[in-house]
Amino acid sequence: MKHIIPGLVFAPDVHTVIDNADFSMLDALYAGRTVCYGDYHAHSNSGGMSDGKTTPKEWLVAMEKLGIDFIGLMDHQQVRHMYLPEFDPAHFIYGTEPAAIWKEPQTFAHYLMLFKERDQLEKVVLEKFPEVYNFTGGVEGVFDYLEIERSKFIHICDAVMAADGMIVHAHPMQLTKSDKLSDYSFGDGTAIETIYTNNKEDLLENGTIENYKLWMDMLEGGMKVYNTASADVHFAPTNSGINTLYVAQKHCREYVTRLQRGDLSAGHIGIKMCIDGAPMGSTVAFTEGAKLYIKVGDAHPICYKKDEPHRLDVLSDRGLVCSVPVIDGKAELCIEAQMRRFYRAVVIRESDGAPAAIGNPIWME
């Protein structure tokens, strides 16, 4: 079977597949929630220091055509984009994309800070760490990216997470040049971008290959880090880097909540998954007789091509648990769980091994 990572072969990890399973537990977990699609990392032409080419108003028009429910406009070095009258939290996410330069060792990174409320960026980060950001204050205020100790940077990440925000390592392998796996993680419960492509027809771009491999190495290294997709759009809007998630309300608060919990799939196909009621992103205690339930569906009507064969791979920390075909964008599977560090699911395009959807793990203890 083809896989995006050249030469990668998973060892078999044989499990019992349960026929005619009752999926009511999984269905109840997602009851009352609707599917939506969005990219947590894009840019706009919002004036000031912004370096995007599409205005927020133009984004709203493009999103409707592309089948996108929300966009995370992470404009650099300012907060003004979040205060524009067209910045509707039903379609946009509050946040920004700073850079970090660590003194020892000399390492560089871009990261996203995402929040549920508009003023949290200023109150939690920019005003609390003037020695790092040198924020000039106010809606038209700007901030810098100053060189700091990595320990200070991790302290900032902890402050964002403690304030009910979220941290994502943006395009990690493209900027952070380090031989230490730990340099790519900003703490358990944070995320990295795995699918990183500007072309929905070419999920095999090097950005996705490098970042997905990094995330798998992080999971193997025992890190509880989530994954997300992004196109990092600066120019023409695209739906190539969308995520699929299930929300109770189409609003910034829900989009950030799903990312915080790791309850989403990076890519254009939905994955619903639980182990006895614990969804993707959770940690659950192992019990004898526990069952892993998975449903694949809600393929994006534009991005998904029905004539391209896909398969669902279920993986554990020990290898490939099971692989089944995805028919018309749908699949379902129930497996008798064993004591493993984690389980995860990915939908693969058969022709080239590219990931159409990468689900987040359920960890076991």
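Which residue in strand 11 is the bridge partner of Leu-245? That partner is Leu-264, and here is the neighbourhood around the pair.

First, some ground rules. This is a predicted model, in which local features need pLDDT of at least 70 and side-chain atom pairs count only at pLDDT 80 or more, while totals for chains, interfaces and linings use all residues. Residues are numbered from 1 along each chain as its sequence is written, and side-chain values use heavy atoms, with hydrogens and water left out. Helices (H or I, at least four residues) and strands (E, at least two) are DSSP runs, numbered from the N terminus.

**Strand 10 and its partners**

Leu-245 belongs to strand 10, residues 243–247, where five of the five residues are buried. Buried means under 20% relative accessible area, exposed over 50%, and partly exposed in between (1.4 Å probe, protein chains only). In a regular strand the side chains alternate between the two faces of the sheet. Here Asn-243, Leu-245 and Val-247 point one way, with Thr-244 and Tyr-246 pointing the other way.

Two strands pair if DSSP finds at least two bridges between them. The table lists some antiparallel pairs, each with one facing couple of residues.

| Strands | Bridges | Facing residues |
|---|---|---|
| 1 (34–42) and 10 | Five | Val-35 and Tyr-246 |
| 10 and 11 (264–267) | Three | Leu-245 and Leu-264 |
| 12 (270–275) and 13 | Two | Cys-274 and Pro-279 |

**Helix 2**

Strand 1 turns up again with helix 2: the helix's buried residues pack against strand 1 and strand 2 (70–73), with contact meaning heavy atoms within 4.5 Å. Those buried residues of helix 2 (56–66) are Pro-56, Trp-59, Ala-62, Met-63 and Leu-66. They line one face of the helix, because they fall within an arc of 110° seen down its axis (the arc is that of the directions from the helix axis to the C-beta atoms). On the face turned away from the buried side sit the exposed residues Lys-57, Glu-64 and Lys-65. Just after the helix, Gly-67 takes a positive phi of about 75°.

**The open sheet and Ser-282**

Strand 13 belongs to an open, antiparallel sheet of four strands, in the order 13-12-15-18. Its edge strands, 13 and 18 (331–336), each pair on one side only.

In the loop between strand 13 (278–279) and strand 14 (283–284) you'll find Ser-282. Ser-282 is buried, with a relative accessible area of 17%. A polar atom of the Ser-282 side chain lies 2.9 Å from the backbone oxygen of Pro-279. Leaving aside neighbours within four places in sequence, Ser-282 is in contact with Pro-361, Ile-362 and Trp-363.

Notes. Polar contact = N/O pair within 3.5 Å; in protein donor to acceptor, adjacent residues only side chain to side chain.
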